[in-house]
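Biologist: Please bring up the sequence and the structure. I should then like to go through them by question and answer.

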Amino acid sequence: MKLNKLILSFISAIAILFSTSVVSFAKVVGDKIVLGAAISLTGKYSSNGVHTQNGYNMAVDRINSMGGVKVGGKTYKFEIIYYDDESNPKRAAQLAERLISQDGVEFMLGPYSSGLTKAIAPVTEKYGVPMVEANGASRSLFTKGYKYLFAVLAPANLYLDVAIETAVELNGGKGVRIAQAFEQDAFSQDVRLGILDAAERTGSEIIIDDKLPKELNDMAATLVKVKQMKPDVLVVSGHTKGALTAIRQIAEMKVDVPMLAMTHCDAAKLSKQHGKNSQYALCASQWHKSLTYKDNFFKDGMTYAADFQKEFGYDPPYQSAESSAALLVFKDAFERANSFDQKKVRDALAATNMQTFYGNIKFAPGGQNVDKPMVLFQVMCDGSGKCENKVVAPLKWASAKLIHPIPKWSER
Amino acid sequence: MDFMVFQYPMITVQACLDGILLGVLFALIAYGMALQWGVMNIINIAQGDLVILGGYIAYFMYLYGIHPAWGVIVSPFIMYFVGIGIYKLVINKVVDRDLFISILATFGISILFMQLMNFAFGADVVLANSGYGTTFLFDSNVVLPNSKIFSAVVSILFAICLVIYMKKSKLGRAIRATAQNARAAKILGVDTEKVYAATFGINAALCGVAGALISITFTIHPYMGLPYTIRSFMIVIVAGLGNLPGVALSGMGLGVFEEFADYLLGTEFRIGSVFLLLVLILVYRRFKLSRKREYLK
């Protein structure tokens, strides 16, 4: 008897759930534009997933409180339906299906990470749902001919080639000797391709080319080779664990290398938590708060950072800034399309040419943003051991001069 | 293939030393596994996750300004009770059952722990800085981080303490008696239930020590447990249950093997080569692995 009751209540609960979810959402309800997003709130990407969500929410609140989106003489407000994709590509694709076919969402925001964006893009493409994404930088996203995918960030192959070019420039235009270690995931391998291109362009030579495993926590072997071969530049990319492992072991093994270039330094909180050990590391970043881009909603990077700090209690990583920018792009496109027709919005997105606090945004036919260069910052410490990220390249935005070559450990 | 490791003799020395220091740490984890496998006939898939949890304890001490080296004292203490808790909740229900049931149960615990740690501590990779500096050998051609040396020394100390404890103490004798013949021990007045709980607790405590050392020497992350389980599993099947010198030796052997695989095949095959070795050894020992409980000497 008890079991029957339980089953009955379970079935009715499901029925209620279904009935509400099917009827309540459509693309534009009353004065609301409903966007859908699958975000990693649990699982291995959960910290960056939360940064992404905070960025989205911050922009939604700001745009809504500053008058919303004006389409056809009427004002609309943004609203986002979030689902947790558990950092799992399969789940992300399912949720995209669900958002589109059950919840009736007609415009999507991207998830966190290249891998998950790759899983979702075929779904949004199939249904012709425009997606503005802010956290998938892998080059392969932009070579598949997707028509409905737009990324506000620079593609992964551009992350570190500035570093190689800077090194060559400092070497009097002559090629340099590069040692590199990359994790074997879509993103890091794209960063690697960028380095290979840059090496070829500048006549540089790659003398160590190591691949790092997913379970990386020891790269001593690579560093021993670096010690023996003495390259001019060491490039490491393997998300947060790559950055942390490299910084720890370079400091412990006292590896001297004139230039150390990495990704994910701010996600790994290098300058805050690992101070002196991370000093002089060069880091690729999509955004830095000291950049002087401007818009009407967040004013500029510094104001954005201060507002974000007030709202969420921490300094915004670039993952949050680019996520906020995605909403600004959507607003702009809706207003220019002056319609909620998916095709018209898509065409308006493709014609985007604007400046946000995060940077200029203009999409190439493949969907990547071609108008925003990457920035390089260097971890710099003052006498008291307090360390900060300072932008050193491109020169236009630089707030400090690059320290090169990195002083030897024995002289620090 | 990259033969650099043989071209420069100093790299060979470096690889061997790195491997041995690493292997001692693996051996400590493996010894815990061998102990409870021998006593309770349970293969603990959650071994690596206990290690990581121990690491987080040291990491949090570091965050609150306590030197993470104290973690090797605090972490086993806390982990002992975590171990007893797991035993009371789950393990005591599977201890006399089929080996397969225990694998399933501990696999479940492993998944639960991973997700809980991810939920509680976040998905970031973390580490605790010991600030121990570096030792240079052979004209600074060989570099050993002192944290690695520290972790090897602590592992050896704990292993020695444990051996003495097992030999001399009342509980140690009871554990050994239970491992030899649980029924006979029970008849002779050993409270086997208590012995099982203590064994699982001691195993968890060893994992706690190892975890604290890993947070000082390497990095920790909620999902990094499995490679440690696999390694200790492998060390135990190579060495056999209850063979402490064997565990230590095969641990160091595995460490050196990993380092050389790293140099020869590339870092990406480091863990892969461990799995391959495991398969080879399993095939080799297929007939030798007896299903019965082996004796803990």
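Modeller: By way of preparation, domain bounds come from an automatic or database domain assignment. This is a predicted model, in which local features need pLDDT (the predictor's confidence in each residue, from 0 to 100) of at least 70, side-chain atom pairs count only at pLDDT 80 or more, and totals for chains, interfaces and linings use all residues. Residues are numbered from 1 along each chain as its sequence is written, while chains are lettered from A and ligands numbered from 1 in the order in which they are written.

Biologist: How many Å apart do the C-alpha centres of domain 1 and domain 2 of chain A lie?

Modeller: Chain A is divided into domain 1 (16-154 + 291-362) and domain 2 (158-288 + 374-411). Between the C-alpha centres of these two domains of chain A there is a separation of 31 Å.

Biologist: How many residues does the contact take from each of these domains of chain A?

Modeller: Two residues are in contact if their C-beta atoms, placed from the backbone, lie within 7 Å. In chain A, the contact takes 17 residues from domain 1, and from domain 2 it takes 14 residues.

Biologist: Which helices of chain A each supply at least two residues of the side of domain 1 that touches domain 2?

Modeller: Helices (H or I, at least four residues) and strands (E, at least two) are DSSP runs, numbered from the N terminus. On that basis, the helices of chain A that each supply at least two residues of this side are H4 (114-127) and H11.

Biologist: What does the predictor give as ipTM for the complex?

Modeller: Chain A averages a pLDDT of 86, with 94% of the residues at 70 or more. In chain A, however, pLDDT stays under 50 over residues 19-26. Chain B has a mean pLDDT of 86, and 94% of its residues reach 70 or more. For the complex, the predictor gives a pTM of 0.80 and an ipTM of 0.77.

Biologist: How many charged residues are on the side of chain B that touches chain A?

Modeller: Between the chains, 31 residues of chain B are in contact with 30 residues of chain A. Elements of chain B that each supply at least two residues of this side include H2, H5 (99-121) and strand E2 (142-145). Ala, Val, Leu, Ile, Met, Phe, Trp, Tyr, Cys and Pro count as nonpolar, Asp, Glu, Lys and Arg as charged, and the others, Gly among them, as polar. By class, the side of chain B has 15 nonpolar residues, 10 polar residues and, among the charged, six.

Biologist: Is B:Asn41 buried or exposed?

Modeller: B:Asn41, in the loop between helix H2 (9-40) and helix H3 (47-63) of chain B, has a positive phi of about 55 degrees although it is not a glycine. A residue is buried if 20 or more other C-beta atoms lie within 10 Å of its own, exposed if 12 or fewer, and partly exposed in between, with C-beta atoms placed from the backbone. Because 21 other C-beta atoms lie within 10 Å of B:Asn41, this residue is buried.

Biologist: With which residues is B:Leu99 in contact, leaving aside its neighbours within four places in sequence?

Modeller: B:Leu99 belongs to helix H5 of chain B and is partly exposed, with 13 other C-beta atoms within 10 Å. From B:Ile42, B:Leu99 is 57 residues apart in sequence and 6.3 Å apart in space, C-alpha to C-alpha. Beyond four places in sequence, the contacts of B:Leu99 are B:Ile43 and B:Asn41.

Biologist: On which residue is the kink in helix H4 of chain B centred?

Modeller: Buried residues of H4(B) include B:Val82, B:Gly83, B:Ile86 and B:Tyr87, and their cover includes H3, H5, helix H6 (146-168) and helix H9 (192-217) of chain B. The bend at a residue is the angle between axes fitted to the seven residues ending there and the seven starting there. Helix H4 (residues 71-94) of chain B has a kink of about 55 degrees, centred on B:Lys88.

Biologist: Which peptide bond is cis, with omega near -10 degrees?

Modeller: Most residues other than glycine have a negative phi, and most peptide bonds are trans. A:Pro405 is found in the segment after strand E18 (387-393) of chain A. The cis bond is the one from A:His404 to A:Pro405.
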